[in-house]
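Please explain how the parts of this structure are arranged, beginning with a pair of helices and moving on to the ligand and a sheet.

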Amino acid sequence: MEYYSEASSWLHFMYTTFCFFFFAFTFFFSVFAFLVFILRLRPCCDCDVCRSYLSGSWKMEFDNLSDWYTHLLRKSPSRTIHVHVLGNIITANPENVEYMLKTRFDNYPKGKPFSAILGDLLGRGIFNVDGDSWKFQRKMASLELGSVSIRTFAFEIVTSEIKNRLIPLMSSIAGRSEAILDLQDVLRRFSFDNICRFSFGLDPGCLQLSLPMSEFAEAFDLASKLSAERAMTASPLIWKMKRLLNIGSERKLKEAIKMVDELAHELIKQRRTAGFSTQRDLLSRFMCSVSDDQYLRDIVISFLLAGRDTVASALTSFFWLLSQHPEVVSAIREESDRIMGQTEEQASFEQMREMHYLQASVYESMRLFPPIQFDSKFSLQEDVLPDGTFVRKGTRVTFHPYAMGRMEKAWGPDCLEFKPERWLKNGEFMAENPFKYPVFQAGPRVCLGKEMAVVQMKSVALALVRRFDIQDAVPSRAQRFAPGLTATVRGGFQVRVHERRQHQ
Ligand code: HEM
């Protein structure tokens, strides 16, 4: 007995000593690595931009970091700035953007720092890889997404979500003077249902507000939020160390990803058992050419991330702009009445194609409020951008669609105004140079869901604008964004909803 108790205290002593040295070592190692990282970034840079960034003094004048960057980029003759303390070159110059995204595409991959941040959640999914793995998925996904049958499938899903869930939900709130609705939350639920039905053939039913968000949606939300927060730590070594020790946010992230994994694998298993060859969702289509379940999970999760928050974000800003521009609401109603007549039916695909003003409004809204406000690449080799900016090997180069949409040089003196007409020539919608408007990125890696996203936005916009008056419940404030991969309005977008008389 005594022998066992002595042995156990000895073991306990050894274990405590080991833990002590392990934590001491990791602590000193992280401090050392952090210092090396910081020194490489020139933390002592005393230029105005770096001082303002480090002290946070920009917040006295601007609501969002993107607004401050826009201000700096507008002042810069080359439309490019360098935030030395972050080692980040930021550009709003379309020539630089074309050069990065097309001309020297091979020199500007997403890079390891980005794929490390999202790697645990996205694995080898298209959104997170470069090189051959990206090429293979891009080819396969382009073929699938380009087909008429998947476009019809996507349109059917969005139409049924609007008719059976979104409109009934808005109608149940409409006219109740005390009722205030968080439209951002509703649109996030709407787009999660949509993208899950499209990607997995699964209906999580998030849009029923009486129900809590589905387990899957919650785990997915938490995992993407915590992954995005990794990008905000002063050094990647911090989150990597937390991950190694399985503590704090990294522990939560691991749990959330485990939940996403379990649910995704369960869905894949069910689909295999039930048969996939006659199903129309993306997962079933990919199953015809990929047999590795982990790879399938990675591919589909990337689509979920790419297509969920982006559409919700674009629609939230769109309705926020409409609430401030009744003249645009009237013009959308006039155009749709002319093409569809006074019907309660939803517009068909063909009818929507004729609505040039609606298309212009959607594009104009994303010019001012792109869902992905900035996007970074990492330079493989030393380089010089077309505007003469020198780029050291390994430097992060960011292009900034939010700032680019607000450049007087590109859009004229009224660039800060919401004017759908700027997209129309003789009443017809005219697309812009994609490197001047890289809201969907541009070049070989342009968004694969662009057409689908625009159709979804137009369908929702039309259905709600024709049927409801939507007013900002807390008017005349600027949008404040929460940090993250996609632009989300802090505190949501609270609205009052009234059903229009002709539909009552
Ligand atoms: C308004 C909505 C949307 C916007 C603004 C948008 C924007 C973007 C942007 C900027 C990228 C490039 C990201 C990067 O490489 O860093 C991208 C990529 C991508 N998007 Fe979208 N997106 C939208 C909706 C969608 C939807 C609905 C889907 C899917 C059905 C989708 C699928 C994808 C995919 C698969 C990629 C990766 C393409 C590649 O890496 O080759 N997107 N999107």
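**Two helices, a ligand and a sheet**

In this predicted model, the axes of helix α11 (residues 248-274) and helix α13 come within 10 Å and cross at roughly 110°. Angles of 65 to 115 degrees count as roughly perpendicular, and α11 is therefore roughly perpendicular to α13. The crossing of α11 with α13 is right-handed. Where the two helices meet, α11 contributes V260, D261, A264, H265 and I268, while α13 contributes D293, L296, R297, V300 and I301. Sorted by class, the contact of α11 with α13 consists of six nonpolar, one polar and three charged residues.

Helix α13 also leads to the ligand. Which helix supplies the largest share of the shell around the ligand? That share, seven residues, comes from α13. The helices that each supply at least two residues of this shell are α6 (131-146), α13 (293-324) and α19 (450-467). Altogether, 23 residues surround the ligand, and the closest are A306, G307, T310, C447 and G449. By class, the shell around the ligand holds 15 nonpolar, five polar and three charged residues.

The last part to consider is a sheet. Three strands form an open sheet in the order β3-β13-β10, and their pairing is antiparallel. Strands β3 (181-182) and β10 (468-472) are the edge strands, since each of them pairs on one side only. Strand β13 (residues 494-499) is joined to β10 by five bridges, and these two strands run antiparallel. Within this pair, I470 stands opposite V497 in β13.

Terms used. Residues are numbered from 1 along each chain as its sequence is written. This is a predicted model: local features need pLDDT of at least 70, side-chain atom pairs count only at pLDDT 80 or more; totals for chains, interfaces and linings use all residues. Two strands pair if DSSP finds at least two bridges between them. Helices (H or I, at least four residues) and strands (E, at least two) are DSSP runs, numbered from the N terminus. A residue is near a molecule or strand if its C-beta atom, placed from the backbone, lies within 6 Å of it. Ala, Val, Leu, Ile, Met, Phe, Trp, Tyr, Cys and Pro count as nonpolar, Asp, Glu, Lys and Arg as charged, and the others, Gly among them, as polar. Axes are lines fitted to C-alpha atoms, for helices over the stretch in contact, and angles run from 0 to 180 degrees between N-to-C directions. Angles under 35 degrees count as roughly parallel, over 145 as roughly antiparallel, 65 to 115 as roughly perpendicular and the rest as oblique. A crossing is left-handed if the near helix is turned anticlockwise from the far one by less than a right angle, and right-handed if clockwise. Two residues are in contact if their C-beta atoms, placed from the backbone, lie within 7 Å.
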